[in-house]
Amino acid sequence: MILLISIIVSTPSILKAQSCPIIPLIASINVHGTSNVHDWDMKATNITGELGLNGYKQINAILIKIEVKSLKSGNGIMDGKTYDAFDFKKNPYIVFQLTEISQSKLSDNDSEITLTGNLSFAGAIRKISIKTVGKITKSGDYQLKGSVPLKMTDFKMKPPTAMLGTMKTGDAVTIKFDVTFKG
């Protein structure tokens with residue numbers, strides 16, 4: 001009887017739960033890094049994911065998936081070195097899976113949201129926290145913006161080199177994102 005009552009009480013919130021896909025045409029995820037020669041940027045061109053909402057329209061799940069071979073710098077040699085550093089044949093995706101969320105109001109429209117979750121990067125998984133600014137747009141979509149600094153070596157990646165090792169990529173990278181989920 002207690003089990004039946006708990007199912008009946010929890011059913012309305014389950015039925016009202018919602019899954020919102022990323023809007024790929026306006027999603028932007030960029031990786032910025034340095035080398036001993038010049039700074040560089042790569043843009044992810046294949047981003048998928050979903051944002052989950054509970055019955056109160058609060059975020060309770062996020063999954064973002066980036067195809068490694070969709071990272072583009074405009075330089076084919078650099079792109080190839082990057083794919084090799086990811087060992088893309090074994091690790092074709094970068095994945096972020098939310099495990100915890102905390103939120104505080106910044107204004108009537110914006111909230112500061114800390115997303116904590118597991119980031120899978122080149123076959124290694126690490127728990128990271130990302131400070132974002134989130135808002136519900138006029139069209140009812142959910143937008144998250146932010147950036148997170150990472151070190152390649154924290155994910156057991158060897159920073160790429162070129163020209164017989166004379167050109168060396170720095171270990172630190174910054175991932176900047178602006179993603180919108182269809183509300």
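Trainee: How much space lies in the largest cavity?

Mentor: About 260 Å³. This is a predicted model, so the figure belongs to the prediction. A search of the whole structure finds one cavity of 30 Å³ or more.

Trainee: What makes that space a cavity and not a pocket?

Mentor: The way out decides. A 1.4 Å probe fits in a cavity but cannot get out, whereas a pocket is an open set of points. The space of about 260 Å³ is listed as a cavity, so by that rule the probe is shut in.

Trainee: Which residues lie nearest the centre of the largest cavity?

Mentor: I29, I64, F96, I130 and I175, out of 19 lining residues. Two or more lining residues come from each of β2, β5 (59-67), β7, β8, β9, β10 and β12.

Trainee: How do you know what class the lining of the largest cavity belongs to?

Mentor: Count by class. There are 19 nonpolar residues, no polar and no charged. Ile and Phe are both on the nonpolar list, and I29 and F96 are among the residues nearest the centre.

Trainee: Now the open spaces. What is the volume of the largest pocket?

Mentor: About 400 Å³. Of its 25 lining residues, W40, M78, T82, P160 and T169 are the closest to the centre. Helix α2 (76-86) is one of the elements that supply at least two lining residues, along with β3 (40-44), β11 (161-162) and β12 (167-181). Helix α2 gives the most, with six.

Trainee: How does the lining of the largest pocket divide by class?

Mentor: Into 17 nonpolar, six polar and two charged residues. Trp, Met and Pro count as nonpolar, so W40, M78 and P160 go in that group. Thr is not on the nonpolar or charged list, so T82 and T169 count as polar.

Trainee: And what lines the second largest pocket?

Mentor: That pocket has a volume of about 220 Å³. It is lined by 17 residues, with Q103, S111, I113, I136 and Y142 nearest its centre. Strands β7 (93-105), β8 (110-121), β9 (124-136) and β10 (142-151) each supply at least two. By class, the lining has six nonpolar, six polar and five charged residues.

Trainee: Why is A27 called buried?

Mentor: Its relative accessibility is 9%. Buried means under 20%, so A27 qualifies. A27 sits in the loop between β1 (18-21) and β2 (28-35). Beyond four places in sequence, A27 touches I22, I47, D178 and V179. The C-alpha atoms of A27 and T48 are separated by 9.0 Å, though the two residues are 21 apart along the chain.

Trainee: What makes S70 buried?

Mentor: The cut-off for buried is under 20%, and S70 has 4% relative accessibility, so S70 is buried. Its place is the loop between β5 and β6. Leaving aside neighbours within four places, S70 is in contact with K43, A44, T45 and N46.

Trainee: Why is K156 called exposed?

Mentor: Exposed means over 50%, and K156 has 77% relative accessibility, so the label follows. K156 lies in the loop between β10 and β11. Its phi is positive, about 60°, although K156 is not a glycine.

Trainee: How do you know whether M163 is buried or exposed?

Mentor: M163 has a relative accessible area of 57%. The exposed class begins over 50%, so M163 is exposed. This residue is in the loop between β11 and β12. Phi of M163 is near 50°, a positive value in a residue other than glycine.

Trainee: Where in the chain is confidence lowest?

Mentor: In helix α1 (residues 2-16), at a mean pLDDT of 41. Strand β6 (residues 71-72) is highest, at 98. The chain averages 89, and 91% of the residues score at least 70.

Trainee: Why hold back from detail at low pLDDT?

Mentor: Because predicted coordinates should not be read in detail where pLDDT is low. Residues 1-15 stay under 50, and the model has one contact for them beyond four places in sequence.

Trainee: What pattern does the chain follow overall?

Mentor: α-β-β-β-β-β-β-α-β-β-β-β-β-β, read along the sequence. That is two helices and twelve strands. Of the 183 residues, 38% are buried.

Methods
Residues are numbered from 1 along each chain as its sequence is written. This is a predicted model: local features need pLDDT of at least 70, side-chain atom pairs count only at pLDDT 80 or more; totals for chains, interfaces and linings use all residues. Side-chain values use heavy atoms; hydrogens and water are left out. On a 1 Å grid over the protein atoms alone, a cavity is a set of points where a 1.4 Å probe fits but cannot get out, and a pocket is an open set with protein on both sides within 12 Å along at least five of seven lines; lining residues have an atom within 4 Å of a point. Grid points are joined across faces, edges and corners, and a volume is the space filled by probe spheres set on the points. Helices (H or I, at least four residues) and strands (E, at least two) are DSSP runs, numbered from the N terminus. pLDDT is the predictor's confidence in each residue, from 0 to 100. Contact means heavy atoms within 4.5 Å. Buried means under 20% relative accessible area, exposed over 50%, partly exposed in between (1.4 Å probe, protein chains only).
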